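Got the structure open in your viewer? Here is a tour, stop by stop, with a selection to make at each one.

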Amino acid sequence: MSDVFVITEHLQGILTETSFELLAMARGIAGSGKVTAGLVGSGVGDLASQLGGADAIVVVDDPAFEVFNPEGHARVFAALVDESQAPVVLVPYTSMGMDVASDLAARSGMPLVSFCTSVGAEGALGATCRLYAGKIEADIEVDGERAIFAVLAGSTPAEQGRSGGAAIVETVSSPVDAGSLSVTCLGVTLPAGGDVDITSQDVLVVVGRGIESKDNIEEAQELADALGGAVAASRPIIDQGWLPKSRQVGKSGLTVKPKVYLTLGVSGAPEHIEGMKDAGTIISVNTDPQAPIFGVAHYGWVGDIFDILPELVEKLEAG
Amino acid sequence: MDSVVLLRPVPDPVEELELNDDGDDLDRDYLGYVLNEFDDHALEEALLLKEKGGGTVTVFGIGSADEMEQILYAALAKGADEAFKLGDQLEHMSVASQAELVISALQDRSYDLILTGVQASDELDGQLGVWVAAKLGLPHVSVVVGVTGSAGSVKVTKEFWGGITADYEVRPPAVLGIQAAEQAPRYVAVSLIRQAQQEGSLTQLDLEAPSDSSGVRITAVRLPETGGGAEMITGDESEAAERIIEIIRGAGV
Amino acid sequence: MSSSLLVAAREGVAGRETFLNFGSGETLAFYLLALLATLIFFSGFLFRIRKYARGRRRKFDWRRLGPAVAEIASQRTVAKRDRAVGLAHFFVFWGFIVLLAATATIAIDDDVIKRFLGRPDLQFWKGAFYQGYSLIVDVFGIGFIAGLIYLGRRRRKPPAKLGYERVDRAKGTYDRSGYAIDDRMFLRVLLVIAISGFLLEGFRIAATDFPDFEIFSIGGWVVALGASLVGTDWAETIRIVLWWAHAGASLAFIAFIPYSKAMHMAIDIVNLAVTDPDSARSLPPPAPTPSLERPLAFFTWKELLDFDACTKCGRCHEACPARATGAPLSPRDLILDLRELADANAGIDLWYGPGADPRDSTGEIVGGYITTETLWACTTCMACVEACPVGIEHVSLIVQMRRRLVETGEVEPGLQTAFQSLARAGNSFGKSAKQRPRWTRELDFEIKDVRTEPVDYLWFLGDHASFDPRAAEVSAAVARLLERAGVDFGILYEAERNSGNDVRRAGEEGLFEMLKEQNLTALESASYQQIVTTDPHSLNTLRYEYGLENAVIHYTELLDRLVAEGHFGPGSITGVATYHDPCYLGRYQEEFDAPRRLISATGLQLIEMGRCRENSFCCGAGGGRIWMDDSGLDERPSENRIREAVALGNEVGYFVVACPKDMVMYSDAVKTTGHEGRLQVVDIAQLLERSLMEVSVG
């Protein structure tokens, strides 16, 4: 039963999924203890109202922090954590969290554990984490009563973090003088419009030679639309000019790590596998039971992609 | 612009990792190490800055891996001006200790930027770059994908996610955690590395070994579960489609 | 072919006077002109020789002289794969030699013996000698003209390889019309000399009233029959005019030689004699760093000679798989570019060189004047070297320039990944060295570890045969065949490293040296009688660049031996196959027959593709190309090859390979060309194993 302080993050007016995941995790750790969410930004009142998963929210609302400031946010959060004295601090191990967690540890003297997938506060503080690019799982013990945990995205389902009642919102003035910062934000750049970025998709429907013709790619696109994902392809499809190069997965294309990687008629040449082997869940459909793709896939079905494609689309649209 | 680049060897990601008998660490006897790929990008970025605007590039090699000398000679062959070995006497250190070591090596040295990889696969207690910055009270930016500017003012691009980036102006001296250099790290011919080796200009810095202040201990390690081949779905296309949708939903989409 | 005159005839002795009816002024004029032409000739060659002297030293092998003389005399290299051109060139070559010798004979007789030594009594160019001489000269002269006419007519509707369109540059950014003029000029000047010689001879015979012995000048005699129609006096006048025309054309030609295509007559004889036919097999040591002040010092004198030796015959251009598939490389254009560069640096030029070139010939050569894209396009298949009739060594030249690219860090991205993996783990697959023997897991027997057990055959697989799943299946088939035949063999397990053949050809000399050291250390720890390789590329490097020579054989050679010894009975697979000669087994090692015997042993009928044996067409994988991006090509060389096999007809069901890289390239290419069901890509070992199974089942 420890109090937990959660560092939340947002970009372009949207709280990240990881923020909610951390709130869910915090609730599990805290039990009846208090979960406090730290929120730093400009005009973030609306965001605070979404953080019902916490018991209390400390908000620093300052135009200087409209966009994440690596130096500024780290210093503000350090002050908030210091104020809160919660024994457990959860930081997302993300682009923003990376500028906060270690800074916090160095300033506060609290131990820090990175790459966490779970955090425990029963008895001694500890965590489970994924080291060496996920190849090793390690159990960690922490000295002392307080610690910071940098948690990997996707460690806990976010749902629980979204639910909950109205938290107490406490707005404090910025403990950091923005004028003293050596880092100034010049502006945010959104990705150039144009083709889909397959590396940032949660779901990829990936077509291989088995798709047979350019026209059939439309069917795969329908499935991708139904799943809220995008269509990617193996090299032969790109070579045929059926899809742009930006959709190519593999050695000479892009390396992707979506949550779901559904292959249709991809045989699984080594060059292809190189670009997708770290995907979360790999599901493969191929007519050839010996296709090497089944060696790397988590789930496989042997059969004709043109039989299953309409079934998938139909069932998804129906329910 | 004068840069200091922090280079760390990490276990070769292509190697299959094996555990020691006590089950609390890797079996490091036969483990091969390579330069942390993000550090390689940090070095590339520093070299690009030097090529564009002059200045120097100094590299610090941190740790005790046998491969360290090769890594530093390669950096010299690529165009680094000076190379130093730090903490060669220490087995794998915590990041907090590495930061201590770097800070003592930086004493009496002037620099505009400290560059290092945004992360390394074995950084259990945080990221070296941010640690060093916070301990020295310097500004830091992590996940940097672009650096321009001069010794007076540096403009960096930080990447968030989904292709969204932000530009920052940073007053040096500062620490940058590099995600990707503006171009892929250059290739350096083996013959040039050998040449650098013959010239032998590595300096070993004998610094006082810091005590481990991380407060973090590994108690057990194991290999995560991975499926051995696919679980085959049976049934006709309708049944299979249902099962696939179930799996997709279960994957948190 | 000087003209002649007939004083001796009146004395009843066959012969003629060179300067018949000439005053001393005219004779002097001729000698002055001859002196001038000779001076221009020598100064031109002096310039060229001084250019070669700026190149680096390179040894040549005197033992090459014998074969070179045979090649030159037989014109075998010219006749290769183009008999008509070979024959025409044979007539022109020998015609020219004989006519040159004929002129020299007159010079010795007239200028040396008579004028210089003052011993007319020793003159021999008369009587029976004169008659034999006349006959030989006329016969060869007629052949000379016939050859020239054939070659000239061929250029009216020239084959594509004689065109000067470049593959690496847009039309309008270069001008090579000068080369076409140079080609035509050369043929025409020779033709003018030859025809004027016969006319002169004819009018002389007519003017001297048909002396009997001149019947031996058969060509001239025929002309004389016509010439006699103008009467003796007119014939004599015309003869004088023709004499000067013939002499003038000849002297002009002499002066023209070092500044035109004609220089190949002298240079190519030397080039063939000093060429190293093995320079692609065993690459030379790296060139020094090029300097902008002395750019030619980057090249050896032989390379500079190569640039001048090119006759623009276009055979390399036609044979090159990079050029054929739309890559920006033509071996011919590369050589001509470098000739233009070297000439510009040496301050000489052809009379009809190419037109203005906007490129800067004073900057960096490698990666500048010669682009990186051009240099990376080469597959080192050696088709250009094999096709070249004059001994130009394109492959080693390209590798030298690639070495410079690697040194300056201008490495193609795919290649860089491969290099890094090779430096780290000794293989290009980015895999741990420990995974190298993983393919053996599917065998139901254990392969000996040569590091601990002595064996007869040490099997060196190469990267693809170990790591690529398709090629590893072949390795398993080879292992089972060897086991079945009771062969005592073993492998190096994780101690094997990439042999470095492709690494070296991609220009990474230091990495090659490193891999070679590692492999040699591993080999030293092993006890074996012979090495057998799966990969022909490794075969080449182990043989030629590790210095292991005959201690290394290819697995097809070993299997062939086993079949001959009766270990595997004749198979009975029915069907028709075609066989792809791997560049590094065929052209490089000249092993063409063992694989073919093996195919026959399986029972299959073998049909050859048009491009086979020495003329085999590269799959596109060699020289490090397998690691590089090939998406910019019009088609892949492997696809081009599969289409060739498919065009053989529907009955051809097997595309047989004997190289792991071929297995990879062609497995892909049958799919991308849509012939997957139609043509089966299969290794010889797999076929052999299948034939045994069918026998034992049947």
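Start by selecting chains B and C of this predicted model. Where they meet, 14 residues of chain B are in contact with 18 residues of chain C. Colour helix α5 of chain B, residues 190-199: with 4 residues, α5 makes the largest contribution to the side of chain B that touches chain C. Colour that side by class and you get 8 nonpolar, 1 polar and 5 charged residues.

Now swap chain C for chain A and keep chain B on screen. Here the contact takes 66 residues from chain B and 68 residues from chain A. On the chain B side, the elements giving two or more residues include α4 (128-136), β7 (140-149), β8 (154-159) and β12 (216-222). Pick out α6(B), residues 237-250, as the source of the largest share, 9 residues. By class, the side of chain B that touches chain A splits into 36 nonpolar, 16 polar and 14 charged residues.

Stay with this pair and show strand β9 of chain A, residues 136-142, together with β12(B). The two strands run antiparallel and are joined by 6 bridges. For one pairing to zoom in on, take Ile140(A), whose bridge partner in β12(B) is Ile218(B).

Next, select Val113(A). Which residues is Val113(A) in contact with, leaving aside its neighbours within four places in sequence? From chain A, the list includes Ile140(A), the residue you just zoomed in on, along with Ala127(A), Cys129(A), Val142(A) and Phe149(A). From chain B come Leu124(B), Asp125(B) and Val216(B).

Val113(A) is also one of the residues that touch the most other members of the largest nonpolar core, which has 329 residues. Val6(A), Val88(A), Leu90(A), Ile148(A) and Phe149(A) are the others to highlight. For the largest share of this core, go to helix α6 of chain C, residues 177-207, which supplies 11 residues. Apart from that core lies another, of 50 residues, with Val205(A), Ile217(A), Leu227(A) and Ile233(B) among them.

Over to chain C, and its open sheet. Show the 5 strands in the order β1-β3-β2-β4-β5, with parallel pairing. At the edges are β1 (448-449) and β5, each pairing on one side only. Between β4(C) and β5(C) there are 3 bridges, and Val532(C) stands opposite Ile553(C) in β5(C).

Add helix α22 of chain C, residues 536-545. This helix lies across β2, β4 and β5 of chain C, at about 160° to β5(C). How many of its 10 residues are buried? The count is 8, among them Pro536(C), His537(C), Leu539(C) and Arg543(C). These buried residues pack against β2 (457-460), α20 (501-505), β4 (530-533) and β5 (552-554) of chain C. Just after the helix, check Gly547(C) for a positive phi of about 75°.

Move along to α23(C), residues 555-564, where again 8 of 10 residues are buried. Tyr555(C), Glu557(C), Asp560(C) and Val563(C) are among them. Gly566(C) follows, with a positive phi near 85°.

Last, colour by pLDDT. Chain C has a mean of 92, and 97% of its residues reach 70 or more. Residues 1-11 of chain C are below 50, though this stretch has 36 contacts in the model beyond near neighbours in sequence. For the complex, the predictor gives an ipTM of 0.88 and a pTM of 0.85.

Methods
Residues are numbered from 1 along each chain as its sequence is written. Chains are lettered from A and ligands numbered from 1 in the order in which they are written. This is a predicted model: local features need pLDDT of at least 70, side-chain atom pairs count only at pLDDT 80 or more; totals for chains, interfaces and linings use all residues. Two residues are in contact if their C-beta atoms, placed from the backbone, lie within 7 Å. Ala, Val, Leu, Ile, Met, Phe, Trp, Tyr, Cys and Pro count as nonpolar, Asp, Glu, Lys and Arg as charged, and the others, Gly among them, as polar. A nonpolar core is a set of buried Ala, Val, Leu, Ile, Met, Phe, Trp, Tyr and Cys residues joined through C-beta atoms within 7 Å. A residue is buried if 20 or more other C-beta atoms lie within 10 Å of its own, exposed if 12 or fewer, and partly exposed in between; C-beta atoms are placed from the backbone. pLDDT is the predictor's confidence in each residue, from 0 to 100. Two strands pair if DSSP finds at least two bridges between them. Axes are lines fitted to C-alpha atoms, for helices over the stretch in contact, and angles run from 0 to 180 degrees between N-to-C directions.
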